[in-house]
Amino acid sequence: MTQKEKIYQALLTDCDSMSSEKFKQKHGFSTVDIANQLGISRANTSHELNKLIEKKMVTKIKEYPVKYIATNFLKQKLGLMTNKNIFDSYDELIQKCANATSNHVFSKLIGYNGSLAKAISIAKASIAYPPHGLNILITGPTGSGKTYFANIMYEYAKENRLISNDAPFVVFNCADFYDNPQLLMDHLFGHIKGAYTGALNDDEGIVEHANNGILFLDEVHRLPPEGQEMLFYLLDHGKFNRLGEKEKKRSANLLVICATTENPSSSLLNTFIRRIPTLIKIPSLSSRPIVEKIELCNFLFQQEAQRIRKNLYVDIGVYVRLLSVPNYANIGQLKTQIQLTCAKSFVTSLDNENEKFISISEADVPDSDLNKNQQLLSEQDFDTISNLLNLRNLIKPNQSIPNINKEENIYDILRRKKSTLEHQNIPTERINQYLLTDIRFHIKSLLKLNPKTSIADEFISKETIELCKELQFLAEKALKKKFDYRFIFYLGLHLDSFLAHNNKNDLSMISEIENAKKKYPKEYDVALKFKDIIEKKQNIILPNIEVVYLTELLNSIDSLYSNNKIGIVVSCHGDSIASGIVEVVKNLLGKVNIMAVDMPLSKSITTIFPKLCEAVKKVNQNKGVIILSDMGSLTHLDKKIHDKTGIAVQSMDFVSTPIALEVTRKANFSKYTVNELVTDTKKSIVDNFRDLSSKNSNSHTKAILSICMSGEGTAQKLANVIHQIIEDTTENREEIEVINLSVLNFKKIAALKRNYNIIAAVGTKSPNDSSIPFISMENLLSGNGEGRLRALILNKPVTKKGLAKSKTPSIISNICHSILDKQLIVLNPYKIINYMESWLHDLTYYNKKFSNSLIIKVFIHTAFAAERALQNEQLKVKNDKLENTNFSSFLFTGLKSNVEIPLKIKFNSTEKRYILAIFKDEI
């Protein structure tokens, strides 16, 4: 179990034991509470909690001291739901949660605060837009939930009194009349008596049925062009005529929601798309996070529990099998598999009608091509499933509650799974991999139990406890580690269960035994010794699979003690150089396992050696020690120190503050052995200081330097922009490399010039090399920098004429889209940028070229102004007069034709005056 998992599990356990009333008083748990409970430093605890906050697994309350609470606790125990997980106060949390649970029918959707959050935000804004909402197009694969999402939108509109409670919701599948436009028009708009042969009476169409409500057009891509055109006038003016009427005299006040599985731009007319301003994308099942897939499974199992009217015990292997199929296209397929699984279990249970529950195992999952394609879970998905589920999960008809059946034996589970997989002709090697996954799940579930809240004597026989004590002594001696009461608790629980069931196993896992030997050699050797002792004490034969299980269990128990860190000793010639480096490291990284040993020039190595040995002993936590030294004899003492102390020691030379920071950070916050850390550091830092790159590249390869202070953050973002410019300028983007470079490493430029033809440098600081053309960040954004860069890429002279001809820079479109995509709710950023680029192109006829900075200001401001106009929230100043000049007339004519008309909006004089003011600096 990783440190992060232990912190989350401890927080989850604390939350589960806390009542709603206690939560109101305490508001959660502080970093100190968790750190003291687990014996972990505050810095490490805070670091891991921030990672959990990023994953939305933990909620943070920014009071003093800062409090943390498991997000699942808020959802399940208190019935609270919210889109965010960082709050300024407890009161804000309660208020937000109250707002989310009341007046938020969208919270019914699984993923409402995850994969569907953006879709819901757009839907709410579109439905509420005055006077009757904005017409909407929903896209997504078949079975992803588009129709259900439209129904929820309808419920939201009623819930918020945007439509009346008895307002209609009319569903029309356009595929039903794909080949008959006349019948389509009749069905949509109705007809009058005598409109065609057989029209004996007046008849309303579905448009009239949907009046004052919502019309949902499913599979709208199946509408032929004629059918799409029929809707134009209705969408534009809200008026229509029945078939047979000459004038459009009938009115309909309705919101139109369309849905399609196709790409709108290739399956719908552009004129139709323009009349539907809001696009909502529903993600496919395969693209949704595994947490949401588990929630979907629980929801579908709960539906079946309600039908059967019995509790369900669902094995974790059932979830694994359902969730590891890579090509489930939609929720419908998942629902079908779960229904068939429950049906099979139900038939099996008919012989025991008095049972109040039904057990569902992997053997009940029906064979299908989908399930035969299942894949092994990723490590991340494995961790998520094992954290959220137990070996057996109780699903009640009215709620879903994870629960462990303590009578379930791991070997019964393994036998069932092996039989099921063999029946499906799965290869033996793959079967063994699945069985090993089950063993790991079982161990994870075992380690979730909190030994502090349980007394071993209540669960484990005295005979087994005595056996475990003997095994603990053996393990401590062989592994050279000290274990506490947790070792007896976890090992005892397993052995008690194993011995009680008198397991006689025929599960052969030869390949997995070999893997265990290679992966955990020390633990495997100890497991073999355990086997000998247990067989002698209990007079039984221990199967090979039990050796594999004990090896995995020893490794997992060992991870509980993984707080131990590699020790770092810094030793340098001079009175205080080493101390200075260590002081900087501690100031930047906090409480870390590092010490300094200074070696004044007047002292001999003989005098310093005992001090080094003492320092190595102090920082040693049974994970080895690294000595960072500067030069001379200090770099060759690792073997002597090992012989003297018995501690594994490795030395590294060329120490500096950056190297000390990097090594200490990795030693304290990453999983490394001493050998791995030394090797990795030499490769990534020391070797890089000697030579930037050892690759054999063509010396004539073109390259562009992307420069910032660190060579990472800004340089990487700038590199992405440069790549885009290269792609727009050349046919083959691979012809030119972009190299990130820190201003602190300009000395590497000489080595780079030997391997590359550096055609330009772009960034925050000039490399001060006359042979390399430099384009500053400011010039790239606000001047002619992009034009110069394009000319250098093409190896053409940079001329004013060439710069003047450059189109709207791609960097501008990228920047604007990046900003607008996060901020706009109603408008599509791609569309509004395209409209404004057309407007800017028209302005070039006024013989004006505008700077990049002005274009960004205009694009961003105008986009927000357009959204305000759509929402009827335009800025207004009383008696605001708009000056009339040749340029303003030209400007607003283009604005109207390129922006206002396509969006069906009209800017007022105040908004126009602000837009004109942006241009004034450059006209």
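Biologist: How much accessible surface does the protein chain have, and what share belongs to carbon and sulfur atoms?

Modeller: In this predicted model, the accessible surface of the protein chain comes to about 45,400 Å². Carbon and sulfur atoms make up 49% of that surface. As for the interior, 50% of the 923 residues count as buried.

Biologist: Which residues form a nonpolar patch on the surface?

Modeller: Look for L875, V877 and Y914, which together offer about 220 Å² of accessible area. Y914 sits in helix α41, residues 909-919.

Biologist: Is Y914 buried or partly exposed?

Modeller: Buried means under 20% relative accessible area, and exposed means over 50%. Y914 has a relative accessible area of 31%, so Y914 is partly exposed. Q37 is another case: its relative accessible area is 29%, so Q37 is partly exposed. You will find Q37 in helix α3, residues 31-38. The C-alpha atoms of Q37 and I7 are 9.5 Å apart, although their positions lie 30 residues apart along the chain.

Biologist: Now to helices. What span should helix α4 have?

Modeller: Take 1.5 Å a residue: the 13 residues of α4 (residues 42-54) should span 18 Å. The end C-alpha atoms of α4 are 18 Å apart, so the two values agree. Try the sum on helix α14 too: its 19 residues, 290-308, should span 27 Å, and its end C-alpha atoms are 27 Å apart, which agrees.

Biologist: Which residues of α4 are buried?

Modeller: An α-helix has 3.6 residues a turn, so residues three or four places apart point the same way. In α4, the buried residues are N44, T45, E48, L49, L52 and I53.

Biologist: What follows each of those helices? I mean α4 and α14.

Modeller: After α4 comes K56, with a positive phi near 65°. Just after α14, R309 has a positive phi of about 65°.

Biologist: How many helices and strands are there in the protein chain?

Modeller: The protein chain has 41 helices and 24 strands. Of its contacts with a separation of 6 or more, 73% are between residues 24 or more positions apart.

Biologist: Where is confidence lowest, and where is it highest?

Modeller: Start with the whole chain: the mean pLDDT is 77, and 79% of the residues reach 70 or more. Confidence is lowest in strand β16 (residues 399-402), at a mean of 44, and highest in strand β4 (residues 136-139), at 93. Over residues 400-407 pLDDT stays under 50, and the model has 21 contacts beyond four places in sequence for them. Residues 800-806 also stay under 50, with seven such contacts.

Notes. Residues are numbered from 1 along each chain as its sequence is written. This is a predicted model: local features need pLDDT of at least 70, side-chain atom pairs count only at pLDDT 80 or more; totals for chains, interfaces and linings use all residues. Side-chain values use heavy atoms; hydrogens and water are left out. Patches are made of residues with over 30% relative accessible area and no salt bridge: like charges are joined within 9 Å, nonpolar side chains (Val, Leu, Ile, Met, Phe, Trp, Tyr) within 5 Å. Accessible areas come from the Shrake-Rupley method with a 1.4 Å probe; for residues, only the protein chains shown count as cover. A salt bridge is a side-chain nitrogen of Lys or Arg within 4 Å of a carboxyl oxygen of Asp or Glu. Helices (H or I, at least four residues) and strands (E, at least two) are DSSP runs, numbered from the N terminus. Buried means under 20% relative accessible area, exposed over 50%, partly exposed in between (1.4 Å probe, protein chains only). The expected span of a helix is 1.5 Å times one less than its number of residues. pLDDT is the predictor's confidence in each residue, from 0 to 100. Contact means heavy atoms within 4.5 Å.
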